[in-house]
Amino acid sequence: MIQTKGYAAQDATTPLGPFNFERREVGEHDVQIEVLFCGVCHSDLHQVRNEWGGAIYPMVPGHEIVGRITKVGSEVKKFKEGDLAGVGCFVDSCRHCQSCNEGLEQYCENHLVMTYSGVEKDGKTVTQGGYSDQIIVDEKYTLKVPENLDLARVAPLLCAGITTYSPMKEWGIGEGHRVGVVGLGGLGHMAVKLAVSMGADVTVLSTSPEKEKDARELGAHNFKNTKDDEMMKEMADSFDFIIDTVSAPHNYNNYLTLLKRDGTMILLGAPPAPAEVIAANLLFKRRRLVGSLIGGIAETQEMLDYCGENNIMSDVEVIPIDYINEAYERMLKGDVKYRFVIDMASLK
């Protein structure tokens, strides 16, 4: 076994702290990655505090991982020592269900192995994530990272980037479309950057008017304060797509009425409580309310390549690992532009 250092939550209520654990030896199809940077996703906080249930402790979070390969297995074809590599939200799947066969491993129907707080296919080994100095992953579930991008700013692409890219590709967002983005956080700022790069006319829809300057600096063409009732009436039936990135409870109906006939509202956030949807808001304009998760391995690689070609990266605040508990509290307050990223060199 390989001795590994990390930061872990021991339960749902205590702060994260140093934690030593073991990872498996490098198998014939595995790569060993020295973790250089790891993004801090809001889902890390949900998991650490067991807000979604099913958390497994001790828990080393982190699924926005960028690093450099230090060892490869004997059968590895895709990577060599010294290559940059990325790891996203999952590290294995059943590999034979319909979703896996179609390159949609994120929807694996049998056993999706999450990067942390998951269980390997042996049914007993608990996965631990990127708040650590190294990780061992099958090459099939490892991504190539563009050499031309700032690695710290690449890390959040492994979750926030693919979460917003995947639905844009699925529903064909591009030239001529009017797109509204609800929320300007880790997901929202990536939705703006990507939709603008694809040629869409992008409007940020926010309850915080002070975010207008930031929205425009990110490339948004318009900004609308959704607390302004008259403004909301004026925007009715005007968007082809609305990308909702908000994980806090909010009223979907307010945004559904902004869609044109046959418009689509895409849910990316996961509020903790059920939401009420008025059927008439869908029926009378043939609107769609859909959801999307992350992306499969091939699509995630496509996204990374696209970002490399178009110089698209997340806006980040780089922190040392011992600042993680303060970062969580700031994240709860929305006090970050727009993603914390841990410099894993700070893990002593």
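A residue counts as buried under 20% relative accessible area, as exposed over 50%, and as partly exposed in between. The exercises below apply this rule and others to a predicted model.

**Exercise 1. Classify Lys-260 and describe its salt bridge with Asp-240.**

Solution.
Step 1. Lys-260 has a relative accessibility of 30%, so Lys-260 counts as partly exposed.
Step 2. Asp-240 has a relative accessible area of 17%, and therefore Asp-240 is buried.
Step 3. The closest N and O atoms of Asp-240 and Lys-260 are 3.4 Å apart. A salt bridge requires a side-chain nitrogen of Lys or Arg within 4 Å of a carboxyl oxygen of Asp or Glu, and the pair is indeed a salt bridge.
Step 4. Asp-240 belongs to strand 13 (residues 239–244) and Lys-260 to strand 14 (residues 259–267), so the salt bridge ties together parts that are 20 residues apart in sequence.

The principle behind such pairs is general: side chains of opposite charge can pair when their charged atoms come close.

**Exercise 2. Which parts of the chain does the salt bridge between Asp-262 and Arg-286 link?**

Solution.
Step 1. The side chains of Asp-262 and Arg-286 meet in a salt bridge with an N to O distance of 2.6 Å.
Step 2. Asp-262 is in strand 14, whereas Arg-286 is in the loop between helix 9 and strand 15 (288–291); these distant parts of the chain are linked by a pair 24 residues apart.
Step 3. Arg-286 counts as exposed because its relative accessibility is 56%.

**Exercise 3. Locate Glu-317 and Arg-330, and decide for each whether the residue is buried, partly exposed or exposed.**

Solution.
Step 1. A salt bridge of 2.9 Å, N to O, joins the side chains of Glu-317 and Arg-330.
Step 2. Glu-317 lies in strand 16 (residues 316–319) and Arg-330 in helix 11 (residues 324–332), so that the pair links distant parts of the chain, 13 residues apart.
Step 3. With a relative accessible area of 26%, Glu-317 is partly exposed. Arg-330, at 18%, counts as buried.
Step 4. Salt bridges may also share partners: Asp-92, Arg-95, Lys-121 and Asp-138 are joined into one network in this way. In the whole structure, a search finds 21 salt bridges.

**Exercise 4. How many residues of helix 4 are buried, and what covers them?**

Solution.
Step 1. Helix 4 spans residues 160–170, and nine of its eleven residues are buried, which leaves the helix mostly covered.
Step 2. Among the buried residues are Ala-160, Ile-162, Tyr-165, Pro-167 and Met-168.
Step 3. The elements that cover the buried residues of helix 4 include helix 5 (186–197), strand 13, strand 14, helix 10 (297–310) and strand 17 (339–343).
Step 4. After helix 4 comes Gly-172, with a positive phi near 65°.

**Exercise 5. Describe the surroundings of Gln-134.**

Solution.
Step 1. Gln-134 lies in strand 8. Its relative accessible area is 12%, so Gln-134 is buried.
Step 2. The side chain of Gln-134 reaches the backbone oxygen of Gln-3 at 2.8 Å. The same side chain of Gln-134 makes a polar contact of 3.4 Å with the side chain of Thr-4.
Step 3. Beyond its neighbours within four places in sequence, Gln-134 is in contact with residues including Ile-2, Arg-23, Gln-32, Ile-33, Glu-34 and Val-35.

**Exercise 6. Where is Ser-132, and which backbone oxygen does its side chain reach?**

Solution.
Step 1. Ser-132 is in the loop between strand 7 (113–114) and strand 8.
Step 2. Ser-132 counts as buried because its relative accessibility is 0%.
Step 3. The side chain of Ser-132 reaches the backbone oxygen of Gly-129 at 2.8 Å.
Step 4. Residues up to four places away in sequence aside, Ser-132 touches several residues, among them Thr-4, Phe-21, Arg-23, Val-60, Met-344 and Leu-347.

**Exercise 7. Characterise the lining of the second largest pocket.**

Solution.
Step 1. The volume of the second largest pocket is about 240 Å³.
Step 2. Its lining consists of 15 residues; Arg-23, Arg-24, Glu-120, Thr-125 and Val-126 lie nearest the centre.
Step 3. By type, the lining residues of this pocket divide into seven nonpolar, four polar and four charged.
Step 4. Strand 2 (17–23) and strand 8 (134–138) each supply at least two residues of this lining.

How values were computed
Residues are numbered from 1 along each chain as its sequence is written. This is a predicted model: local features need pLDDT of at least 70, side-chain atom pairs count only at pLDDT 80 or more; totals for chains, interfaces and linings use all residues. Side-chain values use heavy atoms; hydrogens and water are left out. On a 1 Å grid over the protein atoms alone, a cavity is a set of points where a 1.4 Å probe fits but cannot get out, and a pocket is an open set with protein on both sides within 12 Å along at least five of seven lines; lining residues have an atom within 4 Å of a point. Grid points are joined across faces, edges and corners, and a volume is the space filled by probe spheres set on the points. Helices (H or I, at least four residues) and strands (E, at least two) are DSSP runs, numbered from the N terminus. Ala, Val, Leu, Ile, Met, Phe, Trp, Tyr, Cys and Pro count as nonpolar, Asp, Glu, Lys and Arg as charged, and the others, Gly among them, as polar. Buried means under 20% relative accessible area, exposed over 50%, partly exposed in between (1.4 Å probe, protein chains only). A polar contact is a pair of N or O atoms within 3.5 Å; within protein, one must be able to donate a hydrogen and the other to accept it, and residues adjacent in sequence count only if both atoms are side-chain atoms. Contact means heavy atoms within 4.5 Å.
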